[in-house]
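Dear colleague,

I am passing on to you the structure we spoke about, with its sequence, so that you can have both open while you read. My notes follow directly after it.

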Amino acid sequence: MEQHTKEILENGEALGLEFEQAILKLSALAKSDDFNWSKSLEKVRTCPMVSGNQIAPNTHLEHCGNLLKPLCVKMRSDMMQCQEWLEVLRPKVDNGDNTGTDVQTTLHDMAVVGESFAVAFFEFIISLAVDRANQIVLLGGRRRFPRLLPKTGPKWPKDRTILEERVRNLDEDRFMNMISGVETMHYRYLKMHLFVSKNYEMITKPKSENIADMLM
C-alpha cells in the first residue's frame, strides 16, 4: 500500500508537466485549419450524404474526431490521477484544523467536472457518424431508404435541396460543437494548471503536519 501511495504522489507531482503539454497541444489544435470555422466550413458543408449505396459520414468531422479522441482519453486519465493525488494529500481532520482543505476541495471539484466533460465529449465524437446517418434516414424518408423506416415514416422531400440543406445545417452544428469542445478542454486544463501553480503549498501541505501524518 505504501508503494502504491508513493506512486500516486509521484504521478500527482508530474501532473504539472502533463497539464502544460496538454495546454500546448490543444492550443495548437484550436488554431489549426482543421478547427478554423472560416477555413474548414466549406469542407464540412460539401461532404456527400451518400457514397454508393451507403450513407456517408462527414469526412472532415470524422478526421477532427480522430484527432480529439486520444486527447479525451488522456484528459480523463489526468483528471482521475488528480483526484487520486488529492485523496492521498487530504489530511485527517480530527483536531479541528481544516486549513487548506477548501482549496483541495475546489481543485477536486474541477477535476471531477473535467473528467465528466472528457467522457461526454468522447461519447459525442464517436456518435457523430451514427447521428448523421439517422438524420439522413429520418429526413430522407422511406422513398430513399425503404428498409430503414416503417411504412408510416416521413417521406423524402420533393425538393432534394431541402434535405441537403438540413444535413448541412446538422454538420455545421456538430462542427461548432467540436470547436467549442477543443476550446473547453484547453480552458479546463489551463484553469486547473493556474490554480495549482498559485496554491501549490496549500494543496500539498494544507496543515502544518508532515505528509506522513496527513495520510489516512
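The notes below deal with the nonpolar core and then with a group of aromatic rings.

Please keep in mind that this is a predicted model. Its largest nonpolar core has 38 residues, and those touching the most other members are Phe-35, Leu-68, Leu-107, Met-178, Tyr-189, Met-192 and Ile-203. Two or more residues of this core come from each of the helices α2 (15-31), α4 (59-89), α5 (101-126) and α7 (160-198), with α4 giving the largest share, 11 residues. To take one member more closely, Met-178 touches, leaving aside residues up to four places away in sequence, Phe-35, Leu-61, Cys-64, Gly-65, Leu-68, Phe-121, Phe-124 and Leu-128.

Two of those contacts, Phe-121 and Phe-124, lead on to the aromatic rings, where the count comes to four pairs. The ring centres of Phe-117 and Phe-121 are 5.6 Å apart and the planes stand at 25°, which is under 30 degrees, so this pair counts as stacked. Along helix α5 these two residues are four apart, which puts about one helical turn between them. Phe-121, which counts as buried because its relative accessibility is 5%, under the 20% limit, also forms a stacked pair with Phe-124, at 6.0 Å centre to centre and 10° between the planes. Phe-124 is likewise buried, and it lies in α5 three residues from Phe-121. Together, Phe-117, Phe-121 and Phe-124 make up one aromatic cluster, and over the ring of Phe-117 sits the charged end of Arg-188, 5.7 Å from the ring centre.

With best wishes

Terms used
Residues numbered from 1 in each chain as written. Predicted model: local features only at pLDDT ≥ 70, side-chain atom pairs only at ≥ 80, totals over all residues. Heavy atoms only, no water. Core = buried A, V, L, I, M, F, W, Y, C linked by side-chain atoms within 4.5 Å. Buried < 20%, exposed > 50% of the residue type's maximum accessible area, 1.4 Å probe, protein only. Contact = heavy atoms within 4.5 Å. Phe/Tyr/Trp six-rings, centres within 6.5 Å; stacked < 30°, edge-to-face > 60°. Lys NZ or Arg CZ within 6 Å of the ring centre and 35° of its normal.
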